[in-house]
Amino acid sequence: MGQSRSIIAGLIASILLSPLALVDVGEAAATRKIARPRPKPSPAKCEMAKFRIVVDVGHTPDAYGALSARNDPEFGFNLRLASLITARLKSEGFAATRLLVTNGKARASLFKRVSAANDGRADLFLSVHHDSVPDKLLETWEFDGANSYFSDRFSGHSLFVSHQNPHFATSLLLARMIGRQLKEQGLHYARQYTLPVMGHYRRQLLDKDVGVYRYDGLVVLSRTRSAAVLLEAGSIINRDEEMEMNSSERQDAVAGAVAAAMREFCERR
Ligand SMILES: [Zn+2]
């Protein structure tokens, strides 16, 4: 996405989301008659080969994120799936896609990711994760002779965008497109994020059809200068879904959904 279009998209997002949108409908319509900008000149085409997608592997080898029901670190799941998504995007024409693997401690790694994306002038930052549950929901079982934790209560993928991102509208559009493609693959989204049981993990559901949530404070979504989406591809603390996430069928379905969404996004530019 070109810089000027980025600015325009940001302006449109800020206009749509300004308090103006909350005033009485008649008044807003009258105000819009004056304030509405002229239609944008036809935007340059999205050139797939030049569209810079950064596929971020969530967490690091040292700070590996969640632990699965079978005691495998989330980082490994993220690395496998993000690598597959990157390969799929490249093979479908998004030649400028790159995989971002970050080392070090958890919090410092977040800023390294943001710097890498911003310095590389990314058009889209896609962070790949796998989900767990708050500690209070964990139950115990024995796996491979070791006391282990699981929760089979929730499953599914989810998508997150930040209202603080300068391209919130584009981020939301992309997240919706990915969500719709995942739905078309027969996958369901994780509905628990609106529930009180999630405590401080509770989020506002922005799209109840395809599972896009709002997560304003997340560093990688709010500090990136490009559009940014975080994908929780599925729950690895759920014993059945962990096995699904290990299957090539599920991994291919997710990678295919992301690639299809990106093609759709580019075709519409
Ligand atoms: Zn994670």
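## Helix H3 against helix H8

A crossing of two helices is called right-handed if the near helix is turned clockwise from the far one by less than a right angle, and left-handed if the turn is anticlockwise. By that convention, H3 and H8 in this predicted model make a right-handed crossing. Helix H3 covers residues 74–91 and helix H8 covers residues 248–267; their axes come within 9 Å and cross at roughly 45 degrees. Angles from 35 to 65 degrees fall in the oblique class, so H3 is oblique to H8.

Which residues of H3 and H8 meet? On the H3 side they are Arg 80, Leu 81, Leu 84, Ile 85, Arg 88 and Leu 89, and on the H8 side Gln 251, Val 254, Ala 255, Gly 256, Val 258, Ala 259 and Met 262. Sorted by character, the residues of this contact are nine nonpolar, two polar and two charged.

## Helix H5 against helix H8

H8 also packs with helix H5 (residues 168–184), at an angle of about 135 degrees and with the axes 8 Å apart. That angle makes H5 oblique to H8, and H5 passes H8 in a right-handed crossing.

From H5, the contact uses Leu 174, Met 177, Ile 178, Gln 181 and Leu 182; from H8, it uses Val 254, Ala 257, Val 258, Ala 260, Ala 261, Glu 264 and Phe 265. Here the tally is 10 nonpolar, one polar and one charged. If you are browsing H8, Val 254 and Val 258 are worth a look: they meet H3 and also take part in the contact with H5.

## The seven-stranded sheet

Let's turn to the strands. Seven of them build an open sheet with mixed pairing, in the order S2-S1-S3-S9-S6-S8-S7. Its edges are strand S2 (98–100) and strand S7 (204–207), each of which pairs on one side only. From one strand to the next, the twist averages 30 degrees.

Within this sheet, strand S6 (residues 158–161) and strand S9 (residues 227–235) run antiparallel and are joined by three bridges. Phe 160 stands opposite Leu 230 in S9. H3 returns here too: this helix packs on the sheet, touching strand S1 (53–57), S2, strand S3 (124–131) and S9, and its direction makes about 140 degrees with that of S3.

## The S4–S5 hairpin

Strand S4 (residues 139–143) pairs with strand S5 (residues 146–150) in the antiparallel sense, over five bridges. Phe 143 has Ala 146 of S5 as its bridge partner. How many residues lie between S4 and S5 in the hairpin? There are two, and Asp 144 in the turn has a positive phi of about 55 degrees.

## Confidence in the model

The chain has a mean pLDDT of 87, with 83% of its residues at 70 or more. Residues 1–44 have pLDDT below 50; beyond near neighbours in sequence, that stretch has 22 contacts in the model.

Technical notes. Residues numbered from 1 in each chain as written. Predicted model: local features only at pLDDT ≥ 70, side-chain atom pairs only at ≥ 80, totals over all residues. Axes fitted to C-alpha atoms, helices over the stretch in contact; angles between N-to-C directions. Helix = DSSP H or I, 4+ residues; strand = E, 2+ residues; numbered from the N terminus. Parallel < 35°, antiparallel > 145°, perpendicular 65-115°, else oblique. Contact = placed C-beta atoms within 7 Å. Nonpolar A, V, L, I, M, F, W, Y, C, P; charged D, E, K, R; others polar. pLDDT = per-residue confidence, 0-100. Pairing = 2+ DSSP bridges.
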